Amino acid sequence: MHFSLSALAAALSSATVYTSTCDAFVAPTHIRGVPSFVSPDRKDWKAIEGSKRKRHLLSIVNGDVAESLDADAGSTGLAEVLSDALNDGLLDSSEEDASAKEEPFKLILEDVPPASYEVTSTPTAPGGSGMVHTLTVHLGAPGHPEPIVIQTGKIGRQASAAVTLTRGESVLYATASRDKDTRDIDFLPLSVEHQERFSSAGMTSGAFNKRDGRPAEHEILVCRLIDRPLRPLIADGWRHETQLLSWILSYDGLRTCDPLAVTASAAALWLSDVPLLKPVAAAMVGYIDGQLVLNPTLEQMKHSRLNLTVAGTKDAVLMIEGAADFLPESLMVEAVTFGHDAIKVQCAGLEELGKVAGKPKKYDTIKPPAEGLKEEMYDMFASKVDEIFDSDLGKEEQSAAISELSETVMKAFEEKYPDDKSDIKSSLKDLMCSRMFAKAKAKGTRIDGRKLNEVRVIDSEAGLFPRVHGSALFTRGQTQVVATATLGDSGMRQKIDRISGMEEKRFYLQYSFPPSCVGETGRVGAPGRREVGHGNLAERALIPTLPSEEEFPYSIRVESLVTESNGSSSMASVCGGCLALMDAGVPIKSPIAGIAMGMLLGDKHGVSDENAVIVSDILGTEDALGTMDFKVAGNKEGITTFQLDIKCEGLTLDIMKKALEQAKEGRLHILGEMEKALKEPRPELPRTVPKILTMKIPEDSIGKIIGPGGRQIRALIEDFGLENIDVEEDGTVQISGFDRQQMEKAQELITLLTSPLGGGKGRGDKTPKAAYIGPEPEEGKVYTGKITGVHEFGVFVEFMPGAEDGSTPGLEGLCHVSELHVERVRNCEGFMKAMNTETIEVQYIGKNNKGKHSLSRKAVLESKLGVSRKPNESGGVKKISAPKDPPSQEMSKDEVDVIAKAIEGVAEL
């Protein structure tokens, strides 16, 4: 008797078990995809079960097979089981794995018109009282056929400026506004808000009041993308409260709108009277099949080794944000150049749009610097600044000296310039910037005595805390972080609701910057925007080095607590987080380190030139007084993430190349220092980590594990003392706990509940489980069924009863979440709880492509609303238009109330 491998894999409830006392094996390539027994120790590959397990697994497929197996005692595993079965002719190895049949992704880029732009004006403003100006930009990049269309004069005419930006079927709306009066402050009062409206994708917020609320983490990151390239280009001395707002009004789901949000807000600011010096635009770059792609689609990004967002003017780059899969520095420069080419054509178009639609820039409220103040400042205090910078003081001593100098300066000038306090402070800052640059340029040393490319002393330690899964202390000079790693099952994933759908993050890093780390007091609570941004940067740095979920099924959370700060705590979080992962036994591909680079200029208001000085591992003072903060992380071979922020008018590509080369030198040094604490991941997981057992069940049996309202799965967890049982839509089940024997008992019970043969009663016993006996369901007929299971992807319903004496079961089908209601249901479990019913009316819509029975409550509701359906070729149904005279049948008031309460799901329930 022969069995195909796919049939065996489907029938076996074999498991992937991670323990701290046993090892693993890799299944041969010809049985790829079949579950295997593995553990975190990658040095000794052993089996964790004996021949009894071997006989039991194959007996599930057919009891007769067990009679042909060798009953020798001793250790064996699934790989040996399958190998022996193949040798004995019990299995057919000729069947190819389904995944092997899938064709590899092929990058196909459509031809597009050449790069160009056009500005048109029409008298079509609402009410006929104005002009509507439209800029149409063709980027000229293959694969991006849709032009970018920026329009102003039609919407939001009371703002200082408002634009809509359209690409394909995605539409963004952005405004720029300012207060009439200035503020008596010494900084630019700019705020940025961005919102992805759920209605843009035809959805509603899952909140109880169905209203889009506070910004989500990804919206905060977009706000930072908008702010960072625009802030340095607003004229010095601008003190009007300025606000940039942007919304996604329509989303086609094809490409991300993040770079569009930057361009739209920059366009609004450029057309307003706020003195933005130059137009700004942004672009995204991917690297797919060895080719750079401009603004790639979401599908293309799944295969991209690069995710790069670039913003700048037509002259230089202002901001870079990106993640890469160990790519070399040379390719990073090429990608930035490629993205900047697209930015140039957009900026050229914005310049033309500004000529016809822009307002005159308001410079009259910007107070010019007090005449002679800068020169007097230099003459009186240049030597004092040099004395402080040449003393090689520590952070506290230097801060005290600068504070004392600041007080002396104010006393010296406040009588002569009583109305120019902010100018006095600005002039002192400019003096310190210029003297810092002069020292570095002339002597090749910095304000703490280090050479330009020298990294501060590094001290690192792993395994600090006994009960934590992984921990590390990383100290670089006066910057220090405590990093911890926590491992869990798939239920520990971070879930993020976005307009592109629910996103589940298996790995996430959370960064905290308490005021005590800089010796201050302040607010402690929800993370601020800076903390969100720094955490995301460190998270992206570590993602490429993580093992795949197939290799290591744990969800991973890293926390970075900054305990001391004097420059680049985000890059310290990368180093500390990597050590914590290694201490937890996570089999990472290679260690990752990060470094922050700075740039000093003689004139911080210009574009970087050949006189720029690049410094490695910047201090807090160098960050505050310098003109660049360029963070780069990666391993010895390539880059995993990078971020650029500048305070001048742009960064040339030659200076960027120099900074990347110097950053690699520093990164290699830091990796060498980290190896002194921990050279490679621990060989075993800590005893405090729960074991994970992964198994596969038929998709149509998921409801049997969940049970009505989740009662069955909760009973399994409680009865066997488990940590959790998590069931995926594809039938993957993760069992987590600390007692392996109890986990295996739970697995055996799940096997019994879901196996078509009832799991068997012993060797050779293949008594089949009772099957449904009765009439076949009629396609298109409405049935009232009993709810047998609720899951996030749908509801299992017994829609045709079994025998009255219980000898045969009823017929069960799945009502997918997309077929539960005429509106999109965001939370299936919350929706069904709000329904508060044990039965529902469903229409049988045929079998799906896997031969399983499919049901639709949506079709029932549509028929009541006068919308009919007809069968389609795939065995399901498709909706057709409603008749001109719909029937007058209406839903009951109770049903309407239930729908109004439950639509879109209530997460709080």
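In strand β30, I735 is the residue that stands opposite I725. The two strands concerned, β29 (residues 724-727) and β30 (residues 732-737), run antiparallel and are joined by four bridges. Together β29 and β30 form a hairpin with four residues between them, and G731 in the turn has a positive phi of about 95 degrees. These descriptions refer to a predicted model.

Positive phi values also occur at two residues that are not glycines, namely D289 and S568. The table sets out the backbone angle, location and accessibility of each.

| Residue | Phi | Loop | Relative accessible area |
|---|---|---|---|
| D289 | about 50 degrees | between β13 (281-288) and β14 (291-294) | 54%, exposed |
| S568 | about 55 degrees | between β23 and α14 (569-583) | 13%, buried |

D289 counts as exposed because its relative accessible area of 54% lies over the 50% cut-off. S568 counts as buried because its value of 13% is under 20%.

Strand β23 (residues 555-564), which precedes the loop of S568, contains V558. With a relative accessibility of 1%, V558 is buried. Its contacts beyond the neighbours within four places in sequence are T484, A485, F507, Y508, L509, Q510, G577 and L581. For one of these residues, F507, the C-alpha atom is separated by 7.9 Å from that of V558, although the two residues are 51 positions apart along the chain.

An open sheet of seven strands is built with mixed pairing in the order β6-β7-β8-β9-β10-β12-β11. Its edges are β6 (116-122) and β11 (190-196); each has a single partner strand, so one side of each is left without a neighbour in the sheet. On average, and with direction ignored, neighbouring strands of this sheet are turned by 15 degrees against each other. Within the sheet, β10 (residues 170-182) and β12 (residues 240-250) pair in the antiparallel sense over nine bridges. R178 has T242 of β12 as its bridge partner. Helix α7 (residues 258-271) lies across five strands, β8 (148-152), β9 (161-167), β10, β11 and β12, and runs at about 150 degrees to β9.

A packing arrangement between helices is seen for α10 (residues 373-389) and α12 (residues 421-443), whose axes come within 9 Å and cross at roughly 50 degrees. The two helices are therefore oblique to each other, and their crossing is right-handed. On the α10 side, the contact is made by L373, K374, M377, Y378, F381, A382, V385, D386 and F389. From α12, the contributing residues are D423, I424, S427, L428, L431, M432, R435, M436 and K439. By class, the residues of this contact divide into 12 nonpolar, one polar and five charged.

For the protein chain as a whole, the secondary structure comes to 22 helices and 37 strands. Buried residues make up 53% of its 909 residues. Among contacts with a separation of 6 or more, 69% are accounted for by residues 24 or more positions apart. The contact of V558 with F507 belongs to this group, with its separation of 51 residues.

Methods: Residues are numbered from 1 along each chain as its sequence is written. This is a predicted model: local features need pLDDT of at least 70, side-chain atom pairs count only at pLDDT 80 or more; totals for chains, interfaces and linings use all residues. Side-chain values use heavy atoms; hydrogens and water are left out. Two strands pair if DSSP finds at least two bridges between them. Axes are lines fitted to C-alpha atoms, for helices over the stretch in contact, and angles run from 0 to 180 degrees between N-to-C directions. Contact means heavy atoms within 4.5 Å. Angles under 35 degrees count as roughly parallel, over 145 as roughly antiparallel, 65 to 115 as roughly perpendicular and the rest as oblique. A crossing is left-handed if the near helix is turned anticlockwise from the far one by less than a right angle, and right-handed if clockwise. Ala, Val, Leu, Ile, Met, Phe, Trp, Tyr, Cys and Pro count as nonpolar, Asp, Glu, Lys and Arg as charged, and the others, Gly among them, as polar. Buried means under 20% relative accessible area, exposed over 50%, partly exposed in between (1.4 Å probe, protein chains only).
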